[in-house]
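Here is my note on the model, point by point. Please keep the structure open while you read.

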Amino acid sequence: MQGVSVGLIIGVSVGVVIGALLAIATLFCVKYRRKHSQIGNSSSRRGVRIPIRTNGANSCTILSDSTLGPESPKTSDANSRSCWIETSNKKSVVSMSGIPKYPYKELQKATYNFTTMIGHGAFGPVYKARMGTGETVAVKMLATNSKQGEKEFQSEVSLLGRLHHRNLVNLVGYCAEKGQHMLVYVHMSNGSLASHLYSEKHEPLSWDLRIYIALDVAKGLEYLHDGAVPPVVHRDIKSSNILLDRSMRARVADFGLSREEMVNPHASNIRGTFGYLDPEYISSRAFTKKSDVYSFGVLLFELVAGKNPQQGLMELVDFAAMNSEEKVGWEEIVDSRLDGKFDTEQLNEVAAIAYKCVNRLSKKRPAMRDVVQALCGAINVKQSKNNALARGISNTDDEVAIEMPALDQTETNIAITELRRQESQNSISSHRRQDSQTSISELRRQESVSSSVDLPEV
């Protein structure tokens, strides 16, 4: 009887253990299926609704060393290489990031065997290329000895495949063949902002154009910070990374150091450009959106003063700040090449915005959306003056006020010139009508006199 009881207990125990194992296995399978189903659904939803999150954190991207941490989306080198390089060699094959892949031979032909270099940056040489379609593009080639550059290449392709805005440079393709890594961009025919500020080959930028360039950059950063999901921190805003198209519209370029804000913000190594770096980032090793705001403030002062941040710009700003009262007194740092051709009120307004951006405490710096609104306000103040001037010119002639849309300085001058030309034509026509009427009256008077004279009889 006792043996039967022991056997029964053992059988029940074994059955319970097996049942528990089966239950755990079933629960694991259910959770596994549910998790993959949710990932698939969320990816499809993001692909339809939010253009910048077509890749998840586990996709084939390797970010730079400053990002690698417990939460960094890093995969193995082998997986990453197979994802980026072992793809089809067909022309313009779309990669997982949604960016077309170009064959090496096509880019080699378009750059005349890489002999059309137009610049050289930290990433490597940049070439001008004429594609078979007739499109002109810029090809940025990774220096072969740059391991960090390869990681920045992966990051830039990954991010620019999801970021789309009129004030961000457009990545149209990439190449990863024969040990070479190249990025293909829309060609920006007017080069970098730095070249226009410091090169003798270009005429000095007008004050109005500088403000509109600043507004373009601010809008690009506003999109990265508030329009992208998740937000993106650029981390390397500087004048050489601002490119200008043929209409002098500015676009933010070079996303090699950019990171999504959700990634661990604590950097093992400080990355960026001396002169533009946020002091709080240097001390804490943590980058945030406010780090970009600081760099933008430096860029704004660079536009005002025409001085390189690596050559004592911020020391000049600090000295001027001691003699100014936030919104007045900034005229002493203005670029001498402007020859006084700027609006003093607008200058002080813009310099005050820049000074708020470079506050040493990040929490006291404005958000980029507030910076955009402030710059728009500074531009509108001047436009209101121009509109009032145009209305004043009109009112001096016929007391008719002419409503004018918001224009920049050049367009306003054209409008005023056209208005004066019309006034001149009206004045000339009026004088001609008066002269014509006078001549007709004189002729009729003479005819009347002639008819009243008595002729002698013959």
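1. Start with the second largest pocket. Its volume is about 260 Å³. Bear in mind that this is a predicted model. The pocket is lined by 13 residues, and D318, Y355, V358, N359 and R360 are the closest to its centre. Helix 9 and helix 10 each give at least two residues to that lining.

2. Next, the loop between those helices. Helix 9 covers 313–323, helix 10 covers 344–357, and W330 lies in the loop between them, while F301 belongs to helix 8 (residues 289–305); the F301–W330 pair therefore ties together parts 29 residues apart in sequence. The ring centres of F301 and W330 are 5.5 Å apart, and the planes meet at 45°, so this pair counts as tilted. Both F301 and W330 are buried.

3. F301 also matters for the largest nonpolar core. That core has 72 residues, and F301 is listed with L163, F296 and L375 as touching the most other members. Domain 1 (104–186) and domain 2 (191–386) each contribute at least three residues to this core.

4. Another core lies apart from the largest one. It has 15 residues, including Y104, Y127, M131 and V139. In soluble globular proteins, nonpolar side chains tend to be buried together.

5. Now the aromatic rings. The structure has six aromatic pairs. One aromatic cluster is formed by Y104, F114 and Y127. Two of its names, Y104 and Y127, appear in the 15-residue core as well.

6. Finally, a charge over a ring. R235 places its charged end over the ring of F287, at 4.2 Å from the ring centre.

Note on methods. Residues are numbered from 1 along each chain as its sequence is written. This is a predicted model: local features need pLDDT of at least 70, side-chain atom pairs count only at pLDDT 80 or more; totals for chains, interfaces and linings use all residues. Side-chain values use heavy atoms; hydrogens and water are left out. A nonpolar core is a set of buried Ala, Val, Leu, Ile, Met, Phe, Trp, Tyr and Cys residues joined through side-chain atoms within 4.5 Å. Buried means under 20% relative accessible area, exposed over 50%, partly exposed in between (1.4 Å probe, protein chains only). Domain bounds come from an automatic or database domain assignment. Rings of Phe, Tyr and Trp (its six-membered ring) pair if their centres lie within 6.5 Å; planes under 30 degrees apart count as stacked, over 60 as edge-to-face and the rest as tilted. Helices (H or I, at least four residues) and strands (E, at least two) are DSSP runs, numbered from the N terminus. A charge sits over a ring if NZ of Lys or CZ of Arg is within 6 Å of the ring centre and within 35 degrees of the ring normal. On a 1 Å grid over the protein atoms alone, a cavity is a set of points where a 1.4 Å probe fits but cannot get out, and a pocket is an open set with protein on both sides within 12 Å along at least five of seven lines; lining residues have an atom within 4 Å of a point. Grid points are joined across faces, edges and corners, and a volume is the space filled by probe spheres set on the points.
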